[in-house]
Amino acid sequence: MIYSLLLTNYALDQFGRLPAEDYLHVRDAITALAKEPKPYGCLYLVGRDGWHLRVGNIRVVYKIDDERQSITIIHIGRIRDTYD
């Protein structure tokens with residue numbers, strides 16, 4: 001089952017500001033979420049609705065909607081900026 005991928009405007013802006021090397025790794029990780037929304041190493045966020053995926057030193061925060069088979073990327077950034 002393939003999920004559709006959506007990025008909020010905020011996440012899209014953050015994604016575009018990543019350094020080239022990080023951009024490629026994050027792009028590949030986000031694309032892989034379409035096939036496997038809960039890959040090994042992802043964590044459910046405590047105190048906040050959503051999931052967290054670590055891609056090197058970048059964090060991707062996203063929500064899964066199983067009914068609509070969609071994933072919404074909420075936040076992309078370094079760990080120090082992700083959980084404020």
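**Entry 1: around helix H2**

I looked up what covers the buried residues of H2, and the cover includes strand E1 (4–7), helix H1 (9–16), strand E3 (51–55), strand E4 (58–65) and strand E5 (70–78). Contact here means heavy atoms within 4.5 Å. Helices (H or I, at least four residues) and strands (E, at least two) are DSSP runs, numbered from the N terminus.

I noted that this is a predicted model, where local features need pLDDT of at least 70, side-chain atom pairs count only at pLDDT 80 or more, and totals for chains, interfaces and linings use all residues. Residues are numbered from 1 along each chain as its sequence is written, and side-chain values use heavy atoms, with hydrogens and water left out.

**Entry 2: the sides of H2**

Which residues of H2 are buried? I found Asp22, Val26, Ala29, Ile30 and Leu33 (buried is under 20% relative accessible area, exposed over 50%, partly exposed in between; 1.4 Å probe, protein chains only). They cover an arc of only 100° around the axis, so they sit on the same side of H2. The arc is taken from the directions from the helix axis to the C-beta atoms. On the other side of H2, I saw that Ala20 and Glu21 are exposed.

**Entry 3: aromatic rings**

I counted 2 aromatic pairs, with ring centres within 6.5 Å (Trp by its six-membered ring); planes under 30 degrees apart are stacked, over 60 edge-to-face, the rest tilted. Phe15 and Tyr23 are stacked because their centres are 4.4 Å apart and their planes at 20°. Phe15 is buried at 10% relative accessibility, while Tyr23 is partly exposed at 31%. Tyr44 and Trp51 are edge-to-face, because their centres are 5.2 Å apart and their planes at 75°.
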